[in-house]
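Colleague: I'm new to this one and would like a close look at a single part. Could you take me through the open sheet and what lies across it, then add a few other spots worth finding on screen?

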Amino acid sequence: MAKKPPRDDVGDRNLTVRGPKAAAAGLPGVGHGLAAAVNQMGVRRTALTLLKVNQAGGFDCPGCAWPEPSPEHRAHAEFCENGAKAVAEEATLRRITPEFFAAHPVAELADKSDYWLGQQGRLTTPMVKHPGATHFRPLGWEQAFALAAEHLRAIEPDQALFYTSGRTSNEAAFLYQLFARAYGTNNLPDCSNMCHESSGVALGATIGMGKGSVTLDDVHDAKLIVVVGQNPGTNHPRMLTALERAKQRGAKIISINPLPEAGLIRFKNPQKASGLVGSGTPLADLHLPVRVGGDLALFQAIGALLIEWGAVDEAFVTAYTAGFEGYADGIRQLDAELVARATGLSADEIEAAARLFADSEATVVCWAMGLTQGRDAVATIQEIVNVQLLRGMIGKPGAGLCPVRGHSNVQGDRTMGIWHEPPTWLAGLGERLDLRMPTRRGYDTVEAIRAMRDGHAKVFVAVGGNFAAATPDTDVTEAAMRSCTLTAHVSTKLNRSHVVTSAEQTVLILPCLGRTERDLQAAGEQFVTVEDSMSNVHASQGRLVPASPMLRSEVSIVCGLARAVLPDSTIPWESYPQDYRSIRALIEQTVPGFTDFEAKVRTPAGFTLPHPPRDSRSFPTADGKARFTASPIQLLEVPEGRLLLQTVRSHDQYNTTIYGLDDRYRGVKAGRRVVFVNPDDLAALGIADGTMVDLISEWSDGERRAPAFRVIAYPTVRGCAATYFPEANVLVPLDSTAAGSNTPTSKQIIVRLQPA
């Protein structure tokens, strides 16, 4: 039997701390994943549901975007511990009914933790909080659409914001951007703005494509894999299987991270007997404990050594690149002392890494938010590109650039046009639909918060996600959201954003189908499509009976809003929800790479979108060449007595969804308000392990405080510390963003610890 949702919001009252683990997955991973699923779904539903995850004819995991192997090589259990938790959260038997909202005033819900809110179960009915009301109450779908239309038609189009999370399907995302642009705005901020925007900007400027250049086969065939600013054991656990496969084929692995992470130390593959009862597979051959923000200097130093040793693929550089001489001239003058200060690494450690690059005939470099959320994120990723260009590691088997995306369709949403910049194909779509498309650049996520704060944006609509918990500068963001006349949220579960409201505000909660659920429309059962982190597009079809007969698909909700807001539109909003093939036909006519979309996506493996740098060493830049770039090393000066803080996920969460209160690999149980600090830093600060402290960030406009965190002595780099988001988002200044991408610098926050 599934367990009932918690009544008590326990917080950290039972927090205990033990030492970190030195291996990931194995039998404990199986046990924890299945226990979480059974708690939410019961035994029979767990078995029936998990066997459909990431399978041909099944549904795509609502968690991460790591790709699946080809259908003939997929395991029967093609999911990880956190994938089981993600599915359980959506396929839970717990329900939030109108009676729940009648029993809990909005003010009471606003005081609950993110964990408690998420654990209450699936939303079942459209709900509204009217101005002056103390509770949400139910309303019909047409009433909800009419209410949203009333607010949207009362303002100018650029006063509305249309936010999207990476869980949205390609079909829903395409229609959502079409709705926003038919309405008259490019204000389409999305979760990419807060995670891999830096990757897109860096790659677009250097190789002409904002996506990674590898396939899963390349990872399997690599001779060297570099994992930098990423913790796959928690955030992309199925990646460990790919790393193990490469390792068993002779690959070397470098881990670059301020924290040692269990998943890159040793992997116990739960698909194998040796992983369940044996010692597992050691993964990282070299761990570089780099200082937070020191990766740019590290890759410059590696590039300098490769040039010094003559380990340059001169034929590739000559034929396919531009800017090498300027890059090489600058890198030859690199200041070794500055590199040491920036990285915290010894010359021997850097040389050991460079030797592995020099000796490898096929190198893949993977990265995630440890790089993308720093001040110099774009320049840092461009330094990775420089090193890969030096070695000719783009457009050959087993080699390339691999930004590992987070949410399961975050890359697909951008492909579908969810972007504050008008995509290149937008004008053609306008001509096809006889529609004048907006050309003014829209707001990204940080700009959207400022627009709400300053009164320039009045209505906020979100399809998926948890904006209030995902964004920086929590107090500023929540105040900005409260200033809107309407916030509307298309969601499967209750979250923080629903209860961030003011007395004068209208809030709509519009409950939608999840990935696991059957989507029955007029033309029969429907499937949707998603794009993974390596540009493979495939189908996803849920099989469960929906959590409530009142639920509608994201496609239906978007079209219902569009119909109500744009009653005179010539776009056939009524017909799209009836048969999703009509949506895919329009995508095929509009978006490059989707020729024969319907036929190709119906094959078990789906299809991989074209990527000229990977496929033919063709670079869609202005001169057709991949570009070397040069960037200065600019140390972030940290005052005496301060630390450089990065936010991370616990093992019991995915993005803003909190599955539980444990972080098993780091030794934390039953709590989240902890901060990991090097023991030598604690000694220098005069703070004992286990002390309760307030975290105070320092910025030009003043201080921000996150109270009551327990200090944990931990083997992180000297001068650096780590804690969990969203609890620490309050510390990230809204105006502290990465140069070039405007991504919040959640990995580079100057803080001091003040005993509480």
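Modeller: Here is a walk through the sheet, followed by a few other places.

Before we start, this is a predicted model, where local features need pLDDT of at least 70, side-chain atom pairs count only at pLDDT 80 or more, and totals for chains, interfaces and linings use all residues. Residues are numbered from 1 along each chain as its sequence is written, and side-chain values use heavy atoms, with hydrogens and water left out.

Now the sheet. It is open, has 5 strands with parallel pairing, and its order is β12-β9-β8-β14-β15. Strands here are DSSP runs of E with at least two residues, helices are runs of H or I with at least four, and both are numbered from the N terminus. Two strands pair if DSSP finds at least two bridges between them. At the edges you'll find β12 (286–288) and β15 (400–403), each with a single partner strand, so one side of each has no neighbour in the sheet. On average, neighbouring strands of this sheet are turned by 15° against each other, direction ignored.

Zoom in on β8 (residues 224–228) and β9 (residues 252–256): they run parallel and are joined by 5 bridges. To get your bearings, find Leu224, which stands opposite Lys252 in β9.

Next, the helices across the sheet. Helix α19 (residues 347–359) lies across β8, β9, β12 and β14 (363–367), and runs at about 130° to β12. Helix α21 (residues 377–390) lies across β8, β14 and β15, at about 175° to β14. The axes behind these angles are lines fitted to C-alpha atoms, for helices over the stretch in contact, and the angles run from 0 to 180 degrees between N-to-C directions.

Away from the sheet, have a look at Asn187, in the loop between α8 (170–183) and α9 (197–206). Asn187 has a relative accessible area of 0%, so it counts as buried (under 20% is buried, over 50% exposed and in between partly exposed, with a 1.4 Å probe and protein chains only). A polar atom of the Asn187 side chain lies 3.0 Å from the backbone oxygen of Asp158, and the side chain also reaches the backbone oxygen of Ala160 at 3.0 Å. Leaving out residues up to four places away in sequence, Asn187 touches Pro157, Asp158, Ala160, Leu161, Phe162, Arg440, Gly442 and Tyr443, where contact means heavy atoms within 4.5 Å.

Then there's a helix pair. Helix α1 (residues 26–41) packs against helix α2 (residues 43–50) at an angle of about 120°, with the axes 7 Å apart. That makes α1 oblique to α2, since under 35 degrees is roughly parallel, over 145 roughly antiparallel, 65 to 115 roughly perpendicular and the rest oblique. From α1, Leu34, Ala37, Val38 and Met41 meet Val43, Arg45, Thr46, Thr49 and Leu50 in α2.

Helix α3 (residues 81–91) is mostly covered, with 11 of its 11 residues buried.

Last, some backbone details. The peptide bond from Phe725 to Pro726 is cis, with omega near 10°, and Pro726 sits in the loop between β32 (720–724) and β33 (749–755). Ala25, in strand β2 (residues 24–25), has a positive phi of about 70° although it is not a glycine. Ala708, in strand β31 (residues 702–713), also has a positive phi, of about 65°, without being a glycine. Its relative accessibility is 35%, so Ala708 counts as partly exposed.

How values were computed: A polar contact is a pair of N or O atoms within 3.5 Å; within protein, one must be able to donate a hydrogen and the other to accept it, and residues adjacent in sequence count only if both atoms are side-chain atoms.
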